[in-house]
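Q: Please take a close look at one part of this model, namely its cavities and what lines them. A connected account that also covers the surrounding elements would be appreciated.

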2 protein chains.
Amino acid sequence: MARRSDKRERLIAAGCEVLYEQGLRGTSLADIAERAGVPLGNVYYYFKTKEDLARAVIAQRRLNIEARSADIEATIADPRERLREFIRRAGEARTQVATYGCPYGTIAQELGKTEGVLATEAGDLLRVQRDWVAAQYEALGLPCDEAKIRAIELLAAMQGTSLLTHTFCDASIMKREFERLDRRIAAQSLQ
Amino acid sequence: MARRSDKRERLIAAGCEVLYEQGLRGTSLADIAERAGVPLGNVYYYFKTKEDLARAVIAQRRLNIEARSADIEATIADPRERLREFIRRAGEARTQVATYGCPYGTIAQELGKTEGVLATEAGDLLRVQRDWVAAQYEALGLPCDEAKIRAIELLAAMQGTSLLTHTFCDASIMKREFERLDRRIAAQSLQ
DNA sequence: GTCTATACATGGATAGAC
DNA sequence: GTCTATCCATGTATAGAC
């Protein structure tokens, strides 16, 4: 119970990186242990199984997403400006995205194919973003249904752009398209 | 040389299915052999390695894409109507997409992360579609650069929608968004 | 709590009989 | 050309000393 070391945290942080870079099926526990500077056998003191570690990594990613949303909410009052900031921040990762894809979309896609249990939790990474975006559209006066539709439309544009940015290894695609999305939000009339 | 059986074709067809359903890393050669009704050891008579078989599967997918484009070109003369037909046909797969994702986007994403050699060939599945769509926009009078940008914008919307359709296991997302894309193309003025 | 050594399962690939 | 048996590497997981 009383743990003095930070190995668990290091393993999760290393897992975040390596799972993002190589996917779940493409990474061994030895990969993660090595990146974290922890001997392989010791991993099992902190996590019962590989799936367990993956779950912790996904939970951490989710915390990051929620922290970002909370930060935007705390610093920006206007829902429209919040959405623009959301797009702007996501767009900053374009170099990474060109190399490894979107950290949320790629894991949701990989785990959605086969991993029944993890699929839901990985999918939640996109679900919480959809819900947050929809909440901003609602705050702008759209009815609930319509807000949700617009949220999906925006996220789809972001995810699809990330996928092509990754596939074509070209960060300029993401720069251009995210700027377009930003302008669209800024100009959009919401009847 | 003179082969009487169709085992090679059966292996490729089975590979198309299983790789789509489970991803490359999630499928063993035994899975493919079983689906094709071929004993495991016999696979190696037709394909030197697993990567070799994967390459043949990707090449087959590419042929399918090119056949579809050729068919649309042969039956529809107006570039705008060709794009609408392209969207309509892709949208027909929405039930499958809800279960396994886009057959082209998911493989490009998975292989793009780590498989250096296969990554390019999988990426070509999206590249040829981008080029074909761009050619239609050019035929509509757009300059080459602008046509390419519009093509990426359209494919990004399709891919992102497919990803969310898959993640949320909800084919109605794809139905609604693809109809929206179709309407947008139909109405779009191209100055 | 930590780490080495190792058990055990899976899966790619090959040998060699037919 | 076909198929069985098997080799061997990798990777998850555990045993047990410290």
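A: Domain bounds, as used here, come from an automatic or database domain assignment. On that basis, chain A of this predicted model is divided into domain 1, residues 1–47, and domain 2, residues 63–187. The C-alpha centres of domain 1 of chain A and domain 2 of chain A are 27 Å apart. Five residues of domain 1 of chain A and twelve residues of domain 2 of chain A take part in the contact.

With that division in place, the cavities can be considered. The structure contains five cavities of 30 Å³ or more. The largest cavity encloses about 400 Å³. Its lining is made up of 35 residues, and those closest to its centre are Gln109(A), Glu110(A), Gly23(B), Thr106(B) and Glu110(B). In chain A, the elements that give two or more residues to this lining are α1 (7–22), α4 (50–75) and α7 (103–113). In chain B they are α1 (7–22), α4 (50–75) and α7 (105–114). The most is given by α7(B), which supplies seven residues to the lining of the largest cavity. Sorted by class, this lining has 14 nonpolar, twelve polar and nine charged residues.

Helix α7 of chain B also holds Gln109(B). Is Gln109(B) buried or exposed? Its relative accessibility is 6%; since buried means under 20% relative accessible area, Gln109(B) counts as buried. Neighbours within four places in sequence being left aside, Gln109(B) is in contact with Gly105(A), Thr106(A), Gln109(A), Leu163(A) and His166(A) of chain A, and with Leu163(B) of chain B.

The second largest cavity has a volume of about 190 Å³. It is lined by 16 residues, and nearest its centre lie Ala157(A), Arg184(A), Glu153(B), Ala157(B) and Arg184(B). Two or more residues of this lining come from each of α9 (144–167) and α10 (171–187) of chain A, and from each of α9 and α10 (171–187) of chain B. The lining of the second largest cavity divides into six nonpolar, two polar and eight charged residues.

Helix α9 of chain B, which contributes to that second lining, merits a closer description. Of the 24 residues of α9(B), 19 are buried, and the helix is thus described as mostly covered. What span should α9(B), residues 144–167, have at 1.5 Å a residue? The expected span is 1.5 Å times one less than the number of residues, so the 24 residues of α9(B) should span 34 Å. The end C-alpha atoms of α9(B) are 34 Å apart, which agrees.

Beyond the helix, α9(B) is followed by Cys169(B), which is placed in the loop between α9 and α10 of chain B. Cys169(B) is not a glycine, yet its phi is positive, about 45°. With a relative accessible area of 59%, Cys169(B) is exposed, because exposed means over 50%. In chain A, Cys169(A) lies in the loop between α9 and α10 of that chain. Phi of Cys169(A) is near 45°, a positive value in a residue other than glycine. Cys169(A) is exposed as well, with a relative accessible area of 60%.

Key:
Residues are numbered from 1 along each chain as its sequence is written. Chains are lettered from A and ligands numbered from 1 in the order in which they are written. This is a predicted model: local features need pLDDT of at least 70, side-chain atom pairs count only at pLDDT 80 or more; totals for chains, interfaces and linings use all residues. Side-chain values use heavy atoms; hydrogens and water are left out. Helices (H or I, at least four residues) and strands (E, at least two) are DSSP runs, numbered from the N terminus. Buried means under 20% relative accessible area, exposed over 50%, partly exposed in between (1.4 Å probe, protein chains only). On a 1 Å grid over the protein atoms alone, a cavity is a set of points where a 1.4 Å probe fits but cannot get out, and a pocket is an open set with protein on both sides within 12 Å along at least five of seven lines; lining residues have an atom within 4 Å of a point. Grid points are joined across faces, edges and corners, and a volume is the space filled by probe spheres set on the points. Ala, Val, Leu, Ile, Met, Phe, Trp, Tyr, Cys and Pro count as nonpolar, Asp, Glu, Lys and Arg as charged, and the others, Gly among them, as polar. Contact means heavy atoms within 4.5 Å.
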